[in-house]
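Student: I should like to go through this structure with you, one helix at a time. May we begin once it is displayed?

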Amino acid sequence: MVSHKSRTGWILLLKFTLSDRGGRVTMSARVLVGVKRVIDYAVKIRVKPDRTGVVTDGVKHSMNPFCEIAVEEAIKLKEKKLVKEVVAVSCGPQQVQETIRTALAMGADRGIHVEVSGKDYETLGPLQVSKIFAALAKKEQADLIILGKQAIDDDCNQTGQMTAALLDWPQGTFASEMTLEADKLKVVREVDGGLETIKIKLPAVVTADLRLNTPRYATLPNIMKAKKKKIANVKPADLGVDVCSRLEVLKVDEPPQRQAGVKVETVDDLVGKLKEAGRV
């Protein structure tokens, strides 16, 4: 047993064992992975007639693509014997269990379904979800949380950062590469100027970017095995979390239709058209 004391005085206990293959070190760590149910990326989004949101009834849903990348990375860590357990977590109504089953079929060990339904689910935002993840991380004694950098439905890109802030954990966002080294995590981040490499101490929060990996397809045998894996059901109140939103959606509008282009023969014609449109 190795004990490490951080600058903040928080003590992290890591249990190390030697494997049979060349004395490789393995770590008994638990990883929480967020898996969000979203409208499938191939579906054309339609706004409700009353403009209160988008149509979700009878529409194909699937796991958020960035969440798939997060699940794949967690499973790869387990396959390398660097973590002992991968737990898939999703918040929402009964249907999100399908998303959790997908994660289990990919290789996660068990799932946690945080039941949120009705109006609370419609207004569920990054702050409420981050509070849930922070509470679960403490309850499950997680060493690492891996989330997709954003969801393709709201594009908020906030949950990972908020979760790290609530837990006071280091964070590695927009990860395109990550390497676990004992009680430290090396993360290569995608930033505006290129790539940034950081090293953070566990426990930590990581958000997965597009180039981190290519998610695997769930095989039929693993899909069948996933049906027998455990999914625990909890409510936000059980975790001491209030999911009431402080935000109100006033209206949702479709983006304006793109105008048809116009061909011009000469530069003078182009300048004339721009003047007519009030561009110059």
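Tutor: This is a predicted model, in which local features need pLDDT of at least 70, side-chain atom pairs count only at pLDDT 80 or more, and totals for chains, interfaces and linings use all residues. Residues are numbered from 1 along each chain as its sequence is written, and side-chain values use heavy atoms, with hydrogens and water left out.

Student: Which residues of α4 are buried?

Tutor: Helices here are DSSP runs of H or I with at least four residues, strands are runs of E with at least two, and both are numbered from the N terminus. Buried means under 20% relative accessible area, exposed over 50%, and partly exposed in between, with a 1.4 Å probe and protein chains only. Of the 15 residues of α4, 11 are buried. These are P126, Q128, V129, S130, I132, F133, A134, A135, L136, A137 and E140.

Student: How far apart are the end C-alpha atoms of helix α4?

Tutor: The expected span of a helix is 1.5 Å times one less than its number of residues. For the 15 residues of α4 (residues 126–140) this gives 21 Å, which agrees with the distance in the model, 20 Å.

Student: Against which elements do the buried residues of α4 pack?

Tutor: Contact means heavy atoms within 4.5 Å. The buried residues of α4 pack against four strands and one helix: β5 (30–34), β8 (85–92), β9 (110–115), β10 (144–148) and α5 (159–167).

Student: What is the relative orientation of α4 and α5?

Tutor: Axes are lines fitted to C-alpha atoms, for helices over the stretch in contact, and angles run from 0 to 180 degrees between N-to-C directions. The α4 and α5 axes are 8 Å apart, and the helices pack at an angle of about 50°. Angles under 35 degrees count as roughly parallel, over 145 as roughly antiparallel, 65 to 115 as roughly perpendicular and the rest as oblique. Therefore α4 is, relative to α5, oblique.

Student: Is Q141 buried or exposed?

Tutor: Q141 follows α4 and is placed in the loop between α4 and β10. Its phi is near 55°, a positive value in a residue other than glycine. With a relative accessible area of 62%, Q141 is exposed.

Student: Where is the cis peptide bond?

Tutor: The second of its residues, P203, is found in the loop between β13 (194–201) and β14 (204–208). With omega about 0°, the cis bond joins L202 and P203.
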